[in-house]
Amino acid sequence: QVQLVESGGGLVQPGGSLRLSCAASGSIFSIRAMGWYRQAPGKQRELVAGISSGGSTNYADSVKGRFTISNSRDNVKITVYLEMNSLKPEDTAVYYCNVVHVVQNTGYDYWGQGTRVTVSS
């Protein structure tokens, strides 16, 4: 079992920056990947950025060069961050933290509660 707590959303002007955080606790040693997804009104949820347990990262084309995913860990939690720069109105969405937790070679998805990001002047 993994518990996720997100923070960091809000209202920002175009061109501004925000940092999202997601703290994972529980069975953290079985986490194989973490990532951020977003869902805008009327659209499907999409992957924004991901990071593997080995540190490899991947990004949606729409955010490359503007967003950076990273993580930090200690004995009781792993925190994944999404640094968002040069924000655009089309980045407006609810952002969800995702964790892939592997037990006996089966992967399980855990989701955060979502945090709203609004980019508007």
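**Exercise 1. Overall form**

What percentage of the 121 residues in the protein do buried residues make up? Describe the secondary structure and the dimensions of the chain as well.

*Solution.* The model under study is a predicted one. Buried residues account for 39% of the 121 residues. Turning to secondary structure, the protein contains zero helices and eleven strands. The C-alpha trace spans about 45 × 30 × 25 Å along its principal axes. The last step is a comparison with a globule: for 121 residues, a compact globule would have a radius of gyration near 14 Å, and the protein agrees with this because its own value is 14 Å.

**Exercise 2. The disulfide**

Determine how many disulfides the model holds, and characterise the cysteines concerned.

*Solution.* The cut-off to apply is a pair of cysteine sulfur atoms within 2.5 Å. Cysteine 22 and cysteine 97 are joined by a disulfide, with an S to S distance of 2.2 Å. The count by this rule is one disulfide. Next comes the geometry: the angle about the S-S bond is -80 degrees, and the link between cysteine 22 and cysteine 97 is left-handed. The pair connects distant parts of the chain, since cysteine 22 belongs to strand β3 (residues 18-26) and cysteine 97 to strand β9 (residues 93-103), 75 residues apart. Finally, burial requires a relative accessible area under 20%. Cysteine 22 has 0% and therefore counts as buried; cysteine 97, also with 0%, is buried.

**Exercise 3. Arginine 38 and the largest pocket**

Establish the setting of arginine 38, then relate this residue to the largest pocket.

*Solution.* Arginine 38 is located in strand β4 (residues 31-39). Its relative accessible area is 6%, so arginine 38 is buried. Two side-chain partners can then be listed:

- Glutamate 46 forms a polar contact of 2.8 Å with arginine 38, side chain to side chain.
- Serine 62 forms a polar contact of 3.4 Å with arginine 38, again between side chains.

The pocket is the next step. The largest pocket has a volume of about 170 Å³. Its lining comprises 13 residues, and those nearest its centre are Arg38, Ala40, Lys43, Glu46 and Glu90. Classified by character, the lining consists of two nonpolar, four polar and seven charged residues.

**Exercise 4. Aspartate 74 in its loop**

Which backbone nitrogens does the side chain of aspartate 74 reach? Locate the residue before answering.

*Solution.* Aspartate 74 sits in the loop between β7 (67-73) and β8 (77-84). With 34% relative accessibility, aspartate 74 counts as partly exposed. Its side chain reaches the backbone nitrogen of valine 76 at 2.9 Å and that of lysine 77 at 2.8 Å. As for spatial neighbours, aspartate 74 and isoleucine 28 are 46 residues apart in sequence, while their C-alpha atoms are 9.8 Å apart.

**Exercise 5. Positive phi**

Explain why the phi values of serine 86 and glutamine 104 deserve notice, and state where each residue lies.

*Solution.* The background is that most residues other than glycine have a negative phi. Serine 86, a residue other than glycine, has a positive phi near 50 degrees. Glutamine 104 likewise is not a glycine, yet has a positive phi of about 50 degrees. Serine 86 is in the loop between β8 and β9, and its 41% relative accessibility makes serine 86 partly exposed. Glutamine 104 is in the loop between β9 and β10 (106-111), and at 74% relative accessibility glutamine 104 counts as exposed.

Key:
Residues are numbered from 1 along each chain as its sequence is written. This is a predicted model: local features need pLDDT of at least 70, side-chain atom pairs count only at pLDDT 80 or more; totals for chains, interfaces and linings use all residues. Side-chain values use heavy atoms; hydrogens and water are left out. Helices (H or I, at least four residues) and strands (E, at least two) are DSSP runs, numbered from the N terminus. Buried means under 20% relative accessible area, exposed over 50%, partly exposed in between (1.4 Å probe, protein chains only). On a 1 Å grid over the protein atoms alone, a cavity is a set of points where a 1.4 Å probe fits but cannot get out, and a pocket is an open set with protein on both sides within 12 Å along at least five of seven lines; lining residues have an atom within 4 Å of a point. Grid points are joined across faces, edges and corners, and a volume is the space filled by probe spheres set on the points. Ala, Val, Leu, Ile, Met, Phe, Trp, Tyr, Cys and Pro count as nonpolar, Asp, Glu, Lys and Arg as charged, and the others, Gly among them, as polar. A polar contact is a pair of N or O atoms within 3.5 Å; within protein, one must be able to donate a hydrogen and the other to accept it, and residues adjacent in sequence count only if both atoms are side-chain atoms. The radius of gyration is taken over C-alpha atoms; the globule rule is 2.2 Å times the number of residues to the power 0.38.
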